[in-house]
Amino acid sequence: MRLPAENHRSVRIGWLRAAVLGANDGIVSTASLVLGVAAAGTEPRLILLTSVSGLIAGAMSMAAGEFISVHSQKDTEHADLARERAELAQDPAGEQRELADIYVGRGLAPALADQVAAQLMAHDALAAHGRDELGLSDTTAARPLQAAWASAASFALGAALPIAVVAVTVVAAPAQLSVWVSASSLAFLAGLGALSAQAGGAPIWGGTWRVAFWGAVAMAVTAAAGAIFGAVAGV
């Protein structure tokens, strides 16, 4: 009887990390930008224009940064695999002993470890060494384009939330802009923390307070800096 395939959350790690990072950065950086320029005494409609510019610049920066970073990881993975491929061609028997030693270290009896290493190398020697010696697999493989798109799209989505609050508040209650942006952004961050924790199978409360707390710190520091700059510059 064939058992049903198990659904492991680790397969989501690549896009989930980039998406959570992008959305969190989008909310925090945009809300902080809004609070900073608002505290400096900037006119509300100019704040809206500034926040939209921040969304565009931030999304492009996230995409470029993630692509470069993850591509560097991919290059390193390919270099390690190329080296392993060369070692397999030069000394396959030594590489088999190395693989068997790894399995012995994990608890297999030496004779069984030799058999496992021999069978896995006969099936796909490079994949066996990549997985068990280097810790590389299809699940955790670096995907630069996926990371770039996920980061840019999630940043734009995250940034759009406080921008929408700014757009409404500029018209309805410009004097309360900082209050509404602060409160709504903290709510957005708490929701993001809970959502990402649930998607990753982690405790929801821990993810919620962690994301909201550090977002609040970032916004408070930026607002304070904006107020100081505004006072010094006489805005």
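Contact here means heavy atoms within 4.5 Å. By that criterion, and not counting residues up to four places away in sequence, Val211 touches Asn24, Leu189 and Gly193. The model is a predicted one, and Val211 lies in its helix H7, which covers residues 204–233. With a relative accessibility of 16%, Val211 counts as buried, because the limit for that class is under 20%. One of its contact partners, Leu189, is 22 residues away in sequence, and the C-alpha atoms of the two residues are 6.0 Å apart.

The confidence of the prediction varies along the chain. The mean pLDDT of the protein chain is 82, and 87% of its residues reach 70 or more. Over residues 1–12 the pLDDT is below 50, and beyond near neighbours in sequence this stretch has eight contacts in the model.

The secondary structure of the protein chain consists of seven helices and zero strands, and along the sequence the pattern reads α-α-α-α-α-α-α. Of the 235 residues in the protein chain, 32% are buried. Among contacts with a sequence separation of 6 or more, 74% are between residues 24 or more positions apart. The accessible surface of the protein chain amounts to about 13,400 Å², with 66% of that area belonging to carbon and sulfur atoms.

Helix H3 (92–105) has 14 residues and reaches 20 Å from its first C-alpha to its last, close to the 20 Å expected at 1.5 Å a residue. Its buried residues are Gly94, Glu95, Leu99, Ala100, Ile102 and Tyr103. These residues pack against H2 and H4. After H3 comes Gly107, which has a positive phi, near 120 degrees.

The span of helix H4 (residues 110–132) departs from that of a straight helix. A straight helix of 23 residues would span 33 Å at 1.5 Å a residue, whereas H4 spans only 16 Å between its end C-alpha atoms. A bend of about 120 degrees is located at Asp124 in H4. The buried residues of H4 are Ala113, Ala117, Met121, Ala125, Ala128, His129, Gly130 and Asp132. The cover over these buried residues includes helix H2 (44–90) and helix H3 (92–105). The packing is thus also described from the side of H3, whose buried residues pack against H4 as well as H2.

Two residues of H2 illustrate its surroundings at the level of single side chains. Ser51 lies in helix H2 and counts as buried, since its relative accessibility is 1%. Leaving aside neighbours within four places in sequence, the contacts of Ser51 are with Thr30, Leu33, Val34 and Ile163. Leu46 is also found in helix H2, but is partly exposed, with a relative accessible area of 42%. Leu46 and Val170 are 124 residues apart in sequence, and their C-alpha atoms are 9.9 Å apart in space.

Trp180 is found in helix H6, which comprises residues 177–200. Apart from neighbours within four places in sequence, Trp180 is in contact with Val165 and Thr169. For the pair Trp180 and Val165, a separation of 15 residues along the chain corresponds to 7.2 Å between C-alpha atoms.

Aromatic contacts were searched over the whole structure, and two aromatic pairs were found. Phe213 and Trp214 form an edge-to-face pair, with 5.0 Å centre to centre and 80 degrees between the planes. The assignment as edge-to-face follows because planes over 60 degrees apart fall in that class. The two members of this pair differ in exposure class: Phe213 counts as partly exposed at 39% relative accessibility, whereas Trp214 is exposed, with a relative accessible area of 55%. The classes are separated by a limit of 50%, so Trp214 lies over it and Phe213 does not. Trp209, Phe213 and Trp214 form one aromatic cluster.

Conventions
Residues numbered from 1 in each chain as written. Heavy atoms only, no water. Helix = DSSP H or I, 4+ residues; strand = E, 2+ residues; numbered from the N terminus. Expected span 1.5 Å × (residues − 1). Bend = angle between axes of the 7 residues up to and from the residue. Buried < 20%, exposed > 50% of the residue type's maximum accessible area, 1.4 Å probe, protein only. Areas by Shrake-Rupley, 256 points an atom, 1.4 Å probe, with all protein chains shown as cover. Phe/Tyr/Trp six-rings, centres within 6.5 Å; stacked < 30°, edge-to-face > 60°. pLDDT = per-residue confidence, 0-100.
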